[in-house]
Amino acid sequence: MLEFFEYNDLLGYASIYDSHITLNKTLLNYLTDAYRVRVAVDKEKQEVYIYTINKDYALSGELNEASLLPVSVSKTYARICSRPLIEYLAKIFGLSIGKKEFKRYVACYNKEKKVIIINMEEEVS
């Protein structure tokens, strides 16, 4: 019986550095309208949730502006820069990331919840 390879276009990777998170090209499709992002953590499931916020909603005043993080999107990656965010994640998940080091995790897009989810249970080499 033949089994065909099927590419999972919802699956990508997130690399966590000492000052930012980089999302790979696979996840860029889900950041096209992103002006800012909000990040949440589920300690029990060991997951990080990245919600994209469009410009109109970000500027509407409904959300605390301090909770909105800038995201820069290029042709090959997206980057969320926030040293306080990385320090928070390091504390929650017991990470130790030195300068010029990073930790890589599987990330995927959840269509139902419209969120990028980083699985923090296991680092990917």
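User: What makes two residues count as touching, and which residues does leucine 23 touch?

Analyst: Contact means heavy atoms within 4.5 Å. By that rule, leucine 23 touches Tyr13, Ala14, Leu31, Ile50, Tyr77, Ala78 and Ile116, not counting residues up to four places away in sequence. Keep in mind that this is a predicted model, where local features need pLDDT of at least 70, side-chain atom pairs count only at pLDDT 80 or more, and totals for chains, interfaces and linings use all residues. Residues are numbered from 1 along each chain as its sequence is written, and side-chain values use heavy atoms, leaving out hydrogens and water.

User: Why is strand 4 called mostly covered?

Analyst: Buried means under 20% relative accessible area, exposed over 50%, and partly exposed in between (1.4 Å probe, protein chains only). In strand 4, 5 of the 7 residues are buried, so the strand is mostly covered.

User: What makes a nonpolar core, and which residues touch the most other members of the largest one?

Analyst: A nonpolar core is a set of buried Ala, Val, Leu, Ile, Met, Phe, Trp, Tyr and Cys residues joined through side-chain atoms within 4.5 Å. The largest has 28 residues, and Ile21, Leu23 and Ile118 touch the most other members. Helix 2 gives the most to this core, with 4 residues; helices (H or I, at least four residues) and strands (E, at least two) are DSSP runs, numbered from the N terminus.

User: How do you know that strand 3 and strand 4 pair?

Analyst: Two strands pair if DSSP finds at least two bridges between them. Strand 3 and strand 4 have 7 bridges, in the antiparallel sense, so they pair.
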